[in-house]
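Hi there,

Here is the structure I promised to pass on to you. Have a look at it first, and then read my notes underneath.

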Amino acid sequence: MPNPTVDIARLDAGAEGFRERLDRMLAWDGVSDDSVVSSVTDIISNVRQRGDQALVEYSNRFDRLDVSDMQQLSLGADRLLEAYEGLPEEQREALRVAAERIRDYHQRQLQESWHYREADGTLLGQQVTAMDRVGIYVPGGKAAYPSSVLMNAIPAKVAGVSEIIMVVPTPDGEVNELVLAAAHQSGVDRVFTVGGAQAVAALAYGTQSVPGVDKIVGPGNIYVATAKRMVFGQVGIDMIAGPSEILVVCDGQTNPDWIAMDLFSQAEHDEDAQSILVSPDEEFLDRVQESIERLLPTMERADIIRASLESRGMLIKVCDREQALAVTNRIAPEHLELSVEDPEAWAREVRHAGAIFMGRYTAEALGDYCAGPNHVLPTSSTARFSSPLGVYDFQKRSSLIQFSAQGASEMGKVASVLARGEGLTAHARSAEYRIRK
């Protein structure tokens with residue numbers, strides 16, 4: 001296409017140097033700089049030492065509030081219900097339907113305890129229990145995401161978590177009613193209108209008002225991500241997420257306007273988001289480029305979309321299905337759209353992807369809101385070893401072991417040999433005491 005006004009990178013998977021160029025385009029440095037690390041370290045230390053007082057001071061400073069105590073930064077169940085009932089009927093119904101679908105999907109992820117007995121009566125098994133208390137971080141202000149509340153809180157509730165604490169900043173006192181309504185719909189128990197690294201510290205270590213939790217989940221800015229890294233070990237965390245990503249594989253038979261808009265749907269998140277199209281049809285890549293040029297001026301977030309596409313977007317030409325799948329598995333995308341004939345057959349050969357959207361009608365945006373599967377997904381190629389957030393992230397497994405007298409005697413002989421081989425005499429003698437003479 002001559003003289004495109006959107007300078008999105010064009011790559012050929014068969015060209016020399018493709019792998020190196022792809023790696024450069026995929027590279028994302030999510031490491032905090034020294035100033036961020038220093039600031040977050042100070043904030044966490046201050047919250048640990050001074051608790052509520054530090055939270056109030058940071059909220060006044062960073063969110064430009066004027067509050068004197070944590071009671072002014074706390075919202076109860078009545079306030080969440082008020083937000084839900086105050087929504088227009090259309091929004092209430094949309095929240096209800098989305099929550100129902102998300103809950104139904106995650107119910108199927110529940111793990112059950114199990115055990116079995118060996119011939120001599122020895123019992124072995126696994127006991128599954130839920131975490132006691134979980135904290136959910138939700139971005140606040142105008143850029144608020146009620147869908148994230150649903151996706152983080154509902155799996156925790158399904159898992160059987162006893163208490164869910166939500167933190168959400170309210171810069172300039174701006175409260176997002178849809179976020180609070182989503183908290184009501186999801187079964188959130190308590191809400192504190194605090195944000196940033198200070199909110200993460202409060203959830204991790206507890207303050208006079210904010211109870212400490214077992215795990216912290218939910219997206220946030222670089223300060224939030226850095227704080228989550230620092231408190232990991234004191235509490236569990238979901239992941240350190242990078243910018244949003246989409247990879248569309250298309251055989252050239254889908255409406256190019258649809259594909260362009262699917263690319264836009266991730267690019268509009270922020271300038272660092274990544275949108276990639278892979279196709280064996282070079283003419284189709286040209287047609288999608290034309291759609292991008294024509295549709296971009298109609299978008300409300302056109303400047304963000306353009307910056308994202310020009311800095312990290314890619315249109316990749318492949319020679320065939322095999323190469324398309326090889327590129328896909330190399331990228332290990334957060335979101336993968338298979339806009340092809342027989343997408344189920346393609347999906348069986350995908351080894352690395354956060355979520356796979358199959359067929360021409362399955363826009364990734366449906367997964368963000370109401371398909372049912374979780375939209376909290378591994379980014380930055382971490383789908384190679386990570387999975388979507390789910391019920392299993394809020395459940396723990398304890399091993400069950402009960403030997404019969406006979407079993408303890410027989411296995412005691414085995415343990416004795418191995419323990420003495422390791423030089424651990426107390427281990428050996430502990431097992432030997434149970435050996436029948």
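**A buried arginine and some ring pairs**

A polar atom in the side chain of Arg 312 lies 3.1 Å from the backbone oxygen of Leu 26. That fits a polar contact, meaning N or O atoms within 3.5 Å, where within protein one must be able to donate a hydrogen and the other to accept it, and residues adjacent in sequence count only if both atoms are side-chain atoms.

Before going on, a word on the source: this is a predicted model, where local features need pLDDT of at least 70, side-chain atom pairs count only at pLDDT 80 or more, and totals for chains, interfaces and linings use all residues. Residues are numbered from 1 along each chain as its sequence is written, and side-chain values use heavy atoms, with hydrogens and water left out.

Back to Arg 312, which is found in helix 12 (residues 302–312); helices are DSSP runs (H or I, at least four residues) and strands likewise (E, at least two), numbered from the N terminus. Which side chain of opposite charge is nearest to Arg 312? It is Asp 272, 5.8 Å away, and Arg 312 has no salt bridge although it is buried. Here, Lys and Arg count as positive and Asp and Glu as negative, while His and the chain ends are not counted. A salt bridge needs a side-chain nitrogen of Lys or Arg within 4 Å of a carboxyl oxygen of Asp or Glu. Buried means under 20% relative accessible area, exposed over 50%, and partly exposed in between (1.4 Å probe, protein chains only).

Now for the rings. The structure holds three aromatic pairs (rings of Phe, Tyr and Trp, its six-membered ring, with centres within 6.5 Å; planes under 30 degrees apart are stacked, over 60 edge-to-face, the rest tilted). One of them, Tyr 58 with Phe 62, is stacked, at 5.6 Å centre to centre and 5° between the planes. These two are four residues apart in helix 3 (residues 52–62), so about one helical turn separates them. Tyr 58 is buried at 9% relative accessibility, whereas Phe 62 is partly exposed at 34%.

Trp 258 and Tyr 361 form a tilted pair, because their planes are at 55°, with centres 5.7 Å apart. This pair links distant parts of the chain, 103 residues apart: Trp 258 is in helix 10 (residues 256–267), and Tyr 361 is in the loop between strand 14 (355–358) and helix 15 (364–369). Trp 258 is partly exposed at 39%, and Tyr 361 is exposed at 70%.

Happy exploring!
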